Every structure is written in C-alpha cells, then in structure tokens.
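Let's take a walk through this model together, helix by helix. Have the sequence and the 3D view open as you read.

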Amino acid sequence: MNLFDQIGEENIDLLVSYMYDDIIPNDDRINILFSDGFEKIKVEQKKFFRLFLGQPGHSVFVTPDLRKKHMKLPISIKEAKYWFEDFELALARLDIDPAIKKFLSQKINSLTVQMINTVK
C-alpha cells in the first residue's frame, strides 16, 4: 500500500486546508509570499501531494524542479524552514499513524530544500 492509500485523499485535502486556510495565512513570517491569495496554491498543493504520495492511476510521478517552479517567489533557507514548520503543524493535526507522519515529514523535508532559490 502506498502513502496515498495509507494517508487517504480526505487527509491530504485536510492537510492542505490546515496549511493554507489556517496556519500560513496567520504566519507573518511567510504569508506575504502569497500576495495572490491561497485558492490557486491550494489546488496546486492538493494535486502535488496526491501525485507525490502515489495517487492511483498515475504510474510515475517525477518531482518537478521545485527551485524553478518557485522562482517567482524569493525563497531562502529561512522561508523554506518556516514553510516546513507550518507543514509540520498541519501534519500534527491529522489523525493518521504517527509512523506515517514521521515518514511523510522526512520526505517533505527533503523536498523543502529544493525550493530554495535565493540567499538572503
């Protein structure tokens, strides 16, 4: 069973909702990066997490070039760290197996550094 099946689509949607409806909008350390609002990013994040975690019907998912994808936003080590901290807060709210949370956290942490595109 892949991570998508273990976590479930409903929990993936909850994770994104927690992050972009509750946590990041109230995090003054990084919410300024989202000047266009959160609706578009929520759609993109749900799609990303579904594919990244192994949504059925998608044979191979290649992680996009996250640095290039985020070039319109200045992301330093600091912003990446803040985003990951917010991700961890959202993940903690999910009612899923703690071992799965830990594994997912490690996978996402390894991707977070790929978003960095500037030195401040």
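Which residues of H5 are buried? In this predicted model, they are Glu79, Ala80, Tyr82, Trp83, Phe84, Asp86, Phe87, Ala90 and Leu91. These buried residues pack against H2, H3 and H6. As for the length of H5, its 17 residues should span 24 Å at 1.5 Å a residue, and the 25 Å between its end C-alpha atoms agrees with that.

Now turn to H3, one of the helices that the buried residues of H5 pack against. With 14 residues, H3 should span 20 Å at 1.5 Å a residue, and its end C-alpha atoms are indeed 20 Å apart. Buried along H3 you will find Ile41, Lys42, Gln45, Phe48, Phe49, Arg50, Leu51 and Phe52. Their cover includes H1 (3-7), H2 (9-23), H5 (77-93) and H6. If you follow the chain just past the end of H3, you come to glycine 54, which takes a positive phi of about 100 degrees.

Finally, look at how H3 (residues 39-52) meets H6 (residues 98-112): their axes come within 13 Å and cross at roughly 120 degrees. Angles of 65 to 115 degrees would count as roughly perpendicular and those over 145 as roughly antiparallel, so H3 is oblique to H6. The crossing of the two helices is right-handed. On the H3 side, Phe48, Phe49 and Phe52 make the contact, while H6 brings Lys107, Ile108 and Leu111. Sorted by character, the residues of this contact are five nonpolar and one charged, with no polar ones. Phe48, Phe49 and Phe52 are worth a second look, as they also appear among the buried residues of H3.

Conventions:
Residues are numbered from 1 along each chain as its sequence is written. This is a predicted model: local features need pLDDT of at least 70, side-chain atom pairs count only at pLDDT 80 or more; totals for chains, interfaces and linings use all residues. Side-chain values use heavy atoms; hydrogens and water are left out. Axes are lines fitted to C-alpha atoms, for helices over the stretch in contact, and angles run from 0 to 180 degrees between N-to-C directions. Helices (H or I, at least four residues) and strands (E, at least two) are DSSP runs, numbered from the N terminus. Angles under 35 degrees count as roughly parallel, over 145 as roughly antiparallel, 65 to 115 as roughly perpendicular and the rest as oblique. A crossing is left-handed if the near helix is turned anticlockwise from the far one by less than a right angle, and right-handed if clockwise. Contact means heavy atoms within 4.5 Å. Ala, Val, Leu, Ile, Met, Phe, Trp, Tyr, Cys and Pro count as nonpolar, Asp, Glu, Lys and Arg as charged, and the others, Gly among them, as polar. The expected span of a helix is 1.5 Å times one less than its number of residues. Buried means under 20% relative accessible area, exposed over 50%, partly exposed in between (1.4 Å probe, protein chains only).
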